[in-house]
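Let's take a friendly walk through a protein model, one feature at a time. Keep the 3D view open as you read.

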Amino acid sequence: MASYRLDRTNEDILRELTAILRTVKDPRVTGLVSIVRVEVTNDLSYAKVYVSSMDGMEAAKSAVKGLTSAAGYMRRSLGSALHLRHVPELRFIADDSIEYSASIAKTLLDLEKERERS
């Protein structure tokens, strides 16, 4: 499969999974959970879905457990939304990128306040 087509498929799956995430009713998946990126294998058999949470890595790990239990529902919804011949098996991975970027933003804000004082 061409690289541009695989990238487009990654983005399509990311967009649809983000919409499907709002309909998941598992209590472990809170409103502060978001899907950061999706990596699909060349043969479209597996998709690594990176999940992050504003509440930290423990909340992301808890959300991964909830999303893993809802993977069948999400895969079925994804198949009906994208009309793919083969819908990839979803593998959820906890990621701390949102927490990391929030800490960088806080550090930059603190540096700016310190600079204004001096």
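## A walk around the model

Start with Arg 76, which has its place in helix H3. Keep in mind that you are looking at a predicted model. Is Arg 76 buried or exposed? Its relative accessible area is 57%, and because anything over 50% counts as exposed, Arg 76 is exposed. Now look for Val 64, which is 12 residues away from Arg 76 along the chain. The C-alpha atoms of Arg 76 and Val 64 are separated by 18 Å.

Helix H3 covers residues 71-82, and its axis comes within 10 Å of the axis of helix H1, residues 3-21. The two axes cross at roughly 125°, which makes H1 oblique to H3. As for its handedness, the crossing of H1 and H3 is right-handed.

Next, follow the chain past H3 to His 83, in the loop between H3 and strand S3 (89-95). What is special about the backbone here? Most residues other than glycine have a negative phi. His 83, however, has a positive phi, near 55°. Leu 44 also has a positive phi, near 60°, and is likewise a residue other than glycine. You can find Leu 44 in the loop between strand S1 (33-40) and strand S2 (46-53). Their surroundings are worth checking too: His 83 is exposed, with a relative accessible area of 67%, whereas Leu 44 counts as buried at 12%.

Now turn to the charged side chains. Side chains of opposite charge can pair when their charged atoms come close. How many salt bridges does the count come to? The count is seven salt bridges, and the table shows some of them.

| Salt bridge | Closest N to O distance |
|---|---|
| Glu 16 and Arg 15 | 3.7 Å |
| Arg 91 and Glu 89 | 3.4 Å |
| Lys 106 and Asp 110 | 3.2 Å |

Let's take these pairs in turn, beginning with Lys 106 and Asp 110. Being four residues apart in helix H4, Lys 106 and Asp 110 are separated by about one helical turn. Lys 106 is exposed, with a relative accessible area of 53%, while Asp 110 counts as partly exposed at 35%. Elsewhere, salt bridges that share partners join Asp 12, Arg 15 and Glu 16 into one network. Within this network, Glu 16 is buried, with a relative accessible area of 19%. Its partner Arg 15 counts as partly exposed, at 47% relative accessibility. In the remaining pair of the table, Arg 91 is partly exposed with a relative accessible area of 40%, and Glu 89 counts as partly exposed at 31%.

Finally, go back to helix H4, which spans residues 97-117 and holds Leu 108. Is Leu 108 buried or exposed? Leu 108 is exposed, with a relative accessible area of 54%. Which residues join Leu 108 in a nonpolar patch on the surface? They are Tyr 100, Ile 104 and Leu 111. Together with Leu 108, these residues have about 420 Å² of accessible area.

Note on methods
Residues numbered from 1 in each chain as written. Predicted model: local features only at pLDDT ≥ 70, side-chain atom pairs only at ≥ 80, totals over all residues. Heavy atoms only, no water. Patch = residues over 30% accessible without salt bridge, like charges linked within 9 Å, V, L, I, M, F, W, Y side chains within 5 Å. Areas by Shrake-Rupley, 256 points an atom, 1.4 Å probe, with all protein chains shown as cover. Salt bridge = Lys/Arg side-chain N within 4 Å of Asp/Glu carboxyl O. Helix = DSSP H or I, 4+ residues; strand = E, 2+ residues; numbered from the N terminus. Buried < 20%, exposed > 50% of the residue type's maximum accessible area, 1.4 Å probe, protein only. Axes fitted to C-alpha atoms, helices over the stretch in contact; angles between N-to-C directions. Parallel < 35°, antiparallel > 145°, perpendicular 65-115°, else oblique. Left-handed = near helix turned anticlockwise from the far one by under 90°.
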